[in-house]
Amino acid sequence: MKNNKYTFIVSIFILFGALTLFLSISLILNFYIRGVNQSYKMLEEKNIEVTNNLSTTIVESLGRVESQLKVLSKLTEDKNIIANEDIISRVMWEQLKADENIASIFLADEYGNFLQTRREPVFAYRSINKMDERGLDCWYYKDENYITTSITMNKSTYDPRKRDWYKLVENSKTYWSQPYIFDSTKEPGITVSIADYDKYNTKIKVAAVDFTLDKISKILEQKAQVLNGKLIIFNQNKDVIATSFGMSLKTKDNKLIKLEDLDSSIYSNTMKKVEENVFTNELKDENGKNYIYFVSKFEKSSGENWYIASYVDKDIIVANSRGTLINSVLISLFIIILIYFPIQFILQRFVTKPINELENLTNEIVANRYENVKPIKTVIYEFNQLSNSFVDMAKSIQRHEQEQINLIDSFIKILAESIDAKSPYTGGHCERVPELALLLAEAANDSNKGELKEFNFSTQDEWREFKTAAWLHDCGKVVVPEYIVDKSTKLESIYNRIHEIRTRFEVLHRDATIKFYEKLFLNPENKEQLEEELKLNHEKLKSDFEFIANCNIGGEFLDQDSVNKLIEISSITWMRNFDNRLGLGEEELRRIENQEPFVPVLENLLEDKQEHIIHRIRQINLDEYNKFGFKMDIPEYERNLGEIYNLSIKRGTLTQEDRFKINEHIIMTIKMLENIPFTKNLKNVPEYAGSHHETMIGTGYPRKYFKEDISIAARIIAIADIFEALTASDRPYKKAKKLSESIKIMSFMKKDEHIDAELFEIFLTSGVYMKYAKKFLTEDQIDEVDIKQYL
Amino acid sequence: MRYLVCLIMIFSFSLAEQLTLKISNFSEYIDIELLKDFVYKNDIKLVYNIHESNEAIFKKIEEKNDYDLVIVSSNYISKLKNMDKLEEIDATKLNNYQNIDTNFLKTNFNNSKDYTIPYLWGTIGLIYNKNLVKQPITKWSDLWRDEFKNSILISNEPTDVFGITLKSLGYSANSTNIEEIDKAYNKLIELSPNIKDISSTNIGSYFIENNFSAGMVFSGDAKLIMNYSNNFDFIYPKEGALKWADGMVILKNQRNKDLAYKFIDFIIDEKNMTRLANTTGYDISNTLLANDIAINKNLKNSEILVDRDISNISIEEKFQNFKNEYKKRFLNEK
């Protein structure tokens, strides 16, 4: 949907999705936090376990070394180890082979004799025999089968008795050297030694091993994998004894590395913590990474303190839980997506579809197709109720609409009937025109000829619109005074003023008679002559009046001679002896120009007086006039009742002002209809009704439309209007025309392009004229019509 | 601690000043006390490397020589001489040169007599465990007998092994005939099922400890074995035994040439020579001592192995092929 509206499904889904997501995220977050805490706890336990395990392993390993040394030192009682070189060398081989952690094992005595077996880089046996005067230092290098592959010998310069491991070892104690770089292998390690003392507490011989720290590093490596972290062992002097991360324990110049030499500051910081007695905590390295460390003191029987420290990247712990977190979130998302489709289906099936159908129902109502409004199929109670109420609503709207239509139609009929009833001169015009128009429209609808192909009333609304327009085509006549519409003589105005003028002739007639008697009284002798004169006078007056009366009828064209005669007659004078302002209404009185009383006064028989001119009370709104496109010439005055002016009307009985007034009815029709807020289905009514006085060539009124400006419906109404007017038998002022006559007149109009030729042809060929005639015309009106001549 | 490191450094410095003599020899082929004496007397450092075969030391020298003096067999001396690896011996530098039997030198080191001083010589014969042999062994071809399945020892010296095989076929041990050599190769392949091992290291104890029925051994080893037990007998097969002679050679372009001369002179000292022969069980060039256990036995048909030049290469290759075949078989059977 548009305008940022979301479909029901989307809304529901966002609602449910957000709810589910919120729920799962809060749950997952809770689990995550608990998981992290759990991990910390587990890590601490694991840490304790690993370091304990480690120290046990190393202690055991070193303990084994100690017992091996005891065995070696007590192997023979002889003070001279060379005497038993054979057996001692064998034992040393076996001991070397037995313990991977031993890099070298050696035995020295007080004579300076020295026997040694060594592991790296190849197995070797060394013998320094100080009993022999040659005192050689002999190395026997062995292959993997202990077969000698090489011998080197030179004079010995080595005196074991000067070594710390020999010198410093005490009775019944184990000597531990500080870690140092072995000169034989250049590897870091420690030397452990045990001495054999005689009963006089004199040192006889010392057995020792070189314990390679690399081996301890290997143990750390294994344990570090278990811990998923790093392990180091260091001593009080900050010498690094072993690391789990494969770091060389010596510097480039063959010195032992210190904690400071390691690649991270966390190691050297550990020592500070140990000095502060903080054995487990967090440490931050220079990159800002957090590590959890754990230090345990390494118990040895003697010597300096060793410490085992473990470090676990805090991120790893969190990462594990975070991995679970991400997994959980993904799974919940997956489930949400998974349940989306069934929900979508269900919503589609049970909610959206009925809603859409309901929407369609309202659309049908909007389009006034009430018959399409039927209950929808749904299992949801509310929707069912809603759909039923929709149906009820549609019915009641339909009912209401029908009532409205009936009401409007009845108003229209009343209006039309009232126009008809207003004046007998229009008779049943407004009633009959619609009937005729409908007949013609039906015929036009059926026709496919020329322009009419496009004329097609398909809906009832269109028919109703047309019918309404036909009914109302003359509604403007309501405001036209019927004395103008019905003006049957030139002097008529409310009443026929010929009577007034005839009275003046009567006056003149009497005046002539009185003059006769006056003259006779003076000159009785001229009686005969005077009688003759009177007779002539009377006859002239009689004929003049007859001329005037005939002019008043307006049945014939008034030629210029007649007009001249009219003006001549009008100049006959008569004496008015009474004040012409007496007995006048206010309005009429205002029109009289001369306010002075000057009676008796000589007046012309016929006059165009000032008071005959009636000015417009309300000026025509020219803006509106132009807006509607009216093009009729507007006369200066509302009316001109001037006697000569009226009597000199050349054709008919209507003055320019009268004609405008009558024709104004169509303006009024248009204005009235335009002002009615017609519903959409009646919007063409003003145009249909207001164009029936237009012609096809722009000579009609009020808009001087041309054919293309006029709708076919309006053209139909025009034909109906004309034909009805011609054939109407209920006009008191004229005789009804015969059918043939009427059609003939209309054919002239067709020729003059006053009416639409195609429609006129349909009018004839379809027999509409005859159908109408049979219904409304009197029998004697209906005569033979040869329509062929008009086609 | 630091004091100790300094001390070690001083020592190693003084050691570097010491002259070093580097020697190669075969296993159980010296009296170690002799070496000790030499080192003590001259105050030098001695590096004494032990190689299993002529071939092994030869390959090392071929690649890169860092020996001052090596002890190899006569045929390999020819090879090295031909490769211009050897220093011509200056007899005037040897005080004990008169102890050398020049006749022996001429006959056994034919074309390289000016480049070597004889070390020891001996023979290759057949030794067998009397308890493990049904019928007495008298000739090389007896080794092909079915009863010796997986029980005989073969030396790791290609020329020695091809030598006895050629002999068993009735050819010369020094044959250069390709056909004969090919035949010998095929015959050797046939021997494979009977071979328990191919080795030349510490043969004396190895033979005793591993219960071999029979094997080709050096006379010195045979002496060691027979001294250990009466169960063993050593014979020179009817086809003829092999005879070999090893000599000391000084390699060219070495710094310690003088020390090498000193060592040779030390070895050919009458007393030392006698001691060497007694310890190893082999013979020296002069007849002062007849040490070979079979010296009085019939050495008819015996041949001294000589350098066969080009054909030799094919023998090395063929021997390698044979060993590969044997190993394959050995692994399959396992």
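In this predicted model, strand β10 (residues 230–235) of chain A pairs with strand β14 (residues 306–313) of chain A in the antiparallel sense, and six bridges hold the register between β10(A) and β14(A). One of the residues to follow here is Phe234(A), whose bridge partner in β14(A) is Tyr307(A). Phe234(A) also stands opposite Val240(A) in β11(A), a strand spanning residues 240–243 of chain A that pairs with β10(A) over three bridges, again in the antiparallel sense. The hairpin of β10(A) and β11(A) has four residues between the strands, and there Lys238(A) takes a positive phi near 65 degrees. As for burial, β10(A) is mostly covered, with five of its six residues buried.

The path now leads to the interface between the two chains, where 23 residues of chain B are in contact with 19 residues of chain A. The area buried between chain B and chain A is about 2000 Å², and carbon and sulfur atoms give 63% of that area. Strand pairing crosses this boundary as well: β5 (residues 148–155) of chain A and β2(B) run antiparallel and are joined by four bridges, with Tyr48(B) in β2(B) as the bridge partner of Ile151(A).

Turning to polar interactions, the count between the chains is two salt bridges, and the side chains of Glu33(B) and Arg134(A) meet in a salt bridge at 2.4 Å, N to O. On the side of chain B that touches chain A, the elements giving two or more residues are α1 (2–17), α2 (32–42) and β2 (45–51) of chain B, and α2(B) supplies the largest share, seven residues. By class, that side of chain B has 14 nonpolar, four polar and five charged residues.

Definitions and conventions. Residues are numbered from 1 along each chain as its sequence is written. Chains are lettered from A and ligands numbered from 1 in the order in which they are written. This is a predicted model: local features need pLDDT of at least 70, side-chain atom pairs count only at pLDDT 80 or more; totals for chains, interfaces and linings use all residues. Side-chain values use heavy atoms; hydrogens and water are left out. Buried means under 20% relative accessible area, exposed over 50%, partly exposed in between (1.4 Å probe, protein chains only). Two strands pair if DSSP finds at least two bridges between them. Contact means heavy atoms within 4.5 Å. Buried area is the accessible area (1.4 Å probe) that two parts lose on being put together, summed over both. A salt bridge is a side-chain nitrogen of Lys or Arg within 4 Å of a carboxyl oxygen of Asp or Glu. Ala, Val, Leu, Ile, Met, Phe, Trp, Tyr, Cys and Pro count as nonpolar, Asp, Glu, Lys and Arg as charged, and the others, Gly among them, as polar.
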